[in-house]
Structures are given as C-alpha cells and as structure tokens.
Amino acid sequence: MTLSVQKRREKQKAELRSELVAAAHKLVQEEGYEGLTIRKLAKRVGYAPMSVYSYFADKQDILFALAEDAFETLARRIEEHPADDPVEALRAVMTEYAAFGLGNPNEYRTVFMTEKTRLPEGRSYEDMEEGNPAMKVLISRVEACVAAGKLKGDPRAIATMLWTVGHGTISLLITFPFYPFGDPQAFVKRMCDFMLASLSAQDISPLTETPLNC
C-alpha cells in the first residue's frame with residue numbers, strides 16, 4: 001500500500017469516527033442513555049452495525065469517546081474566558097463547567113454520571129488524561145493560584161476537590177430539579193465561593209503518596 005493511499009484511508013477512518021461521535025452526541029441529547037445503542041447509532045449515520053463495532057467495542061467505549069469530545073468542547077469554552085486575576089480565571093472554569101452541564105442535562109447525565117467499569121481497550125489512564133484538556137486547564141489555573149499565594153498545596157488534589165464539588169452540585173441540580181436550590185446559577189456561584197474559601201484556608205496535601213503529574 002502506498003503512503004498516499006494509507007493516509008487517505010486513515011483520514012477517512014478519522015472522519016467516520018468523528019461522524020459517529022457527533023451522531024452519538026445527538027442521540028444522547030435527544031434520548032438519553034437508553035437511546036444510545038450501536039444499532040441506533042449505525043442507523044443514524046447510515047452504516048451497518050458491524051461497521052460501528054470496528055470503531056467502538058461496546059457502549060462504554062462510545063461513552064469514553066463522548067467524554068473526551070465533551071472535555072475538548074469544555075476546554076475551548078473555558079479558554080474563551082481568560083482573566084488577569086488567577087482566582088477569577090479559576091472561577092471561570094467552574095462557571096463554564098456548570099453552564100455546560102446545566103445546558104446539556106441529558107448528555108451530562110449520560111457521559112458523566114454513568115459508571116465506567118474499565119478503561120477503553122488498549123488505553124491507559126495516562127492516555128485518558130492526555131486526552132482531557134479540560135482537566136489540564138483546571139490544573140494549570142489552580143497552579144497559577146498556588147503561585148500567586150491564593151491557594152496552598154498540591155494542585156492536582158485541589159483541582160480534584162473542586163471537580164468533585166462541581167460535579168456533585170451539577171448532578172443534584174439535574175436530578176433533583178424540584179428541590180428549592182433557588183436560581184441554579186446563583187447556587188453554583190455560592191458553592192464555588194464556599195469551596196474556594198474553604199480551600200484557601202488550608203494547605204492541601206496530595207491525594208496519594210505518589211502524586212501524578214499532568
């Protein structure tokens with residue numbers, strides 16, 4: 001096989017995978033987790049189910065692909081809101097994360113609230129982290145706060161704690177819409193302020209004895 005033919009085939013394969021991921025996003029937005037099946041996805045793009053299996057082994061692989069794509073979208077949205085103040089830049093991460101989740105409840109529930117029991121075949125945790133630009137932005141903005149003396153401790157641990165609180169807040173707002181939280185955006189801001197105030201009063205230790213580097 002000539003190099004040009006190989007490159008053309010690789011390009012076609014990448015384009016089809018992107019088409020499948022885009023179609024999966026739409027299925028999830030319209031029908032939620034239950035609507036995301038290999039058969040429906042194949043029908044949506046006009047391919048045989050076996051063609052889809054050549055890109056994704058199962059539904060969980062599709063969920064990982066959706067998560068990676070969502071993190072790329074989120075990272076772009078965050079980068080659109082730079083700030084000179086490192087704390088405000090960090091707050092923008094949480095604000096955009098909340099806006100993304102509340103603006104796409106079906107997708108958030110499916111992608112971020114579905115149990116992931118294993119890594120995709122042939123992928124390591126390091127591979128997954130390398131494909132998560134949103135977490136990289138979050139950690140880098142935490143590092144800026146630490147460098148400015150606004151926060152103290154391990155940036156990854158701080159980022160993970162912020163993500164945990166943000167995820168919990170968004171999950172509750174989505175799954176318990178009848179609870180009197182008040183205005184959702186105002187509640188998100190209150191939780192963000194609360195967490196930042198709490199973190200600024202402590203020296204946050206690493207999550208593990210051998211902290212990872214992003």
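## Annotated domain

UniProt places the feature "domain: HTH tetR-type" at residues 14–74, in an unreviewed entry. The model discussed here is predicted. Over residues 14–74 the chain is 84% helix and 0% strand. The end C-alpha atoms of this span are 21 Å apart.

T37 falls within the loop between α1 (3–35) and α2 (38–45). T37 is partly exposed, with a relative accessible area of 28%. Its C-alpha atom is separated by 15 Å from that of T114, which is 77 residues away along the chain.

## Overall architecture

The protein chain has ten helices and two strands. Read from the N terminus, the elements run α-α-α-α-α-α-α-α-β-α-α-β. The C-alpha trace spans about 60 × 45 × 30 Å along its principal axes.

Of the 214 residues in the protein chain, 39% are buried. Take the contacts with a separation of 6 or more: residues 24 or more positions apart account for 71% of them.

## Where α5 meets α8

Helix α5 covers residues 86–103. Its axis comes within 8 Å of the α8 axis, and the two cross at roughly 160°. Angles over 145 degrees count as roughly antiparallel, so α5 is roughly antiparallel to α8. The crossing of α5 past α8 is left-handed.

On the α5 side, the contact involves P86, V87, A89, L90, A92 and V93. On the α8 side, V137, L138, R141, V142, A144 and C145 take part. By class, the residues of this contact are eleven nonpolar, no polar and one charged.

## E96 on α5

Helix α5 also holds E96. Is E96 buried or exposed? E96 is buried, with a relative accessible area of 12%. The cut-off for buried is under 20%, which is why E96 counts as such.

Setting aside residues up to four places away in sequence, E96 touches L74, R77, I78 and H81. L74 is also the end residue of the span 14–74 that UniProt gives for the HTH tetR-type domain.

## Where α8 meets α9

Helix α8 covers residues 133–147, and helix α9 covers residues 155–175. The two pack at an angle of about 120°, with their axes 9 Å apart. They are therefore oblique to each other. In this pair, α8 passes α9 in a right-handed crossing.

Which residues of α8 meet α9? They are M135, L138, I139, V142, E143 and V146. Their partners in α9 are P155, R156, I158, A159, L162 and W163. This contact has ten nonpolar, no polar and two charged residues.

L138 and V142 of α8 appear in the contact with α9. L138 and V142 also appear in the contact with α5.

## L162 and S171 on α9

L162 sits in helix α9. L162 is buried, with a relative accessible area of 1%. Beyond residues up to four places away in sequence, L162 touches L90, M94, L138, V142, M195, L196 and L199. Among these, L138 and V142 belong to the α8 side of the α8 and α9 contact. L90 belongs to the α5 side of the α5 and α8 contact.

L199 lies 37 residues from L162 along the chain. Their C-alpha atoms are separated by 9.0 Å.

S171 is found in helix α9 as well. S171 is buried, with a relative accessible area of 10%. Leaving aside its neighbours within four places in sequence, S171 is in contact with Y108 and M113.

## A transmembrane annotation

UniProt also places the feature "transmembrane region" at residues 157–179, again in an unreviewed entry. The span is 83% helix and 0% strand. Its end C-alpha atoms lie 30 Å apart.

How does this span relate to the elements described above? Helix α9 is made up of residues 155–175, and the annotated region runs over residues 157–179. L162 in helix α9 is buried in the model. S171 in helix α9 is buried too.

Key
Residues are numbered from 1 along each chain as its sequence is written. This is a predicted model: local features need pLDDT of at least 70, side-chain atom pairs count only at pLDDT 80 or more; totals for chains, interfaces and linings use all residues. Side-chain values use heavy atoms; hydrogens and water are left out. UniProt positions are given in the numbering used here, feature names are shortened, and annotations may be inferred rather than shown by experiment. Helices (H or I, at least four residues) and strands (E, at least two) are DSSP runs, numbered from the N terminus. Axes are lines fitted to C-alpha atoms, for helices over the stretch in contact, and angles run from 0 to 180 degrees between N-to-C directions. Angles under 35 degrees count as roughly parallel, over 145 as roughly antiparallel, 65 to 115 as roughly perpendicular and the rest as oblique. A crossing is left-handed if the near helix is turned anticlockwise from the far one by less than a right angle, and right-handed if clockwise. Contact means heavy atoms within 4.5 Å. Ala, Val, Leu, Ile, Met, Phe, Trp, Tyr, Cys and Pro count as nonpolar, Asp, Glu, Lys and Arg as charged, and the others, Gly among them, as polar. Buried means under 20% relative accessible area, exposed over 50%, partly exposed in between (1.4 Å probe, protein chains only).
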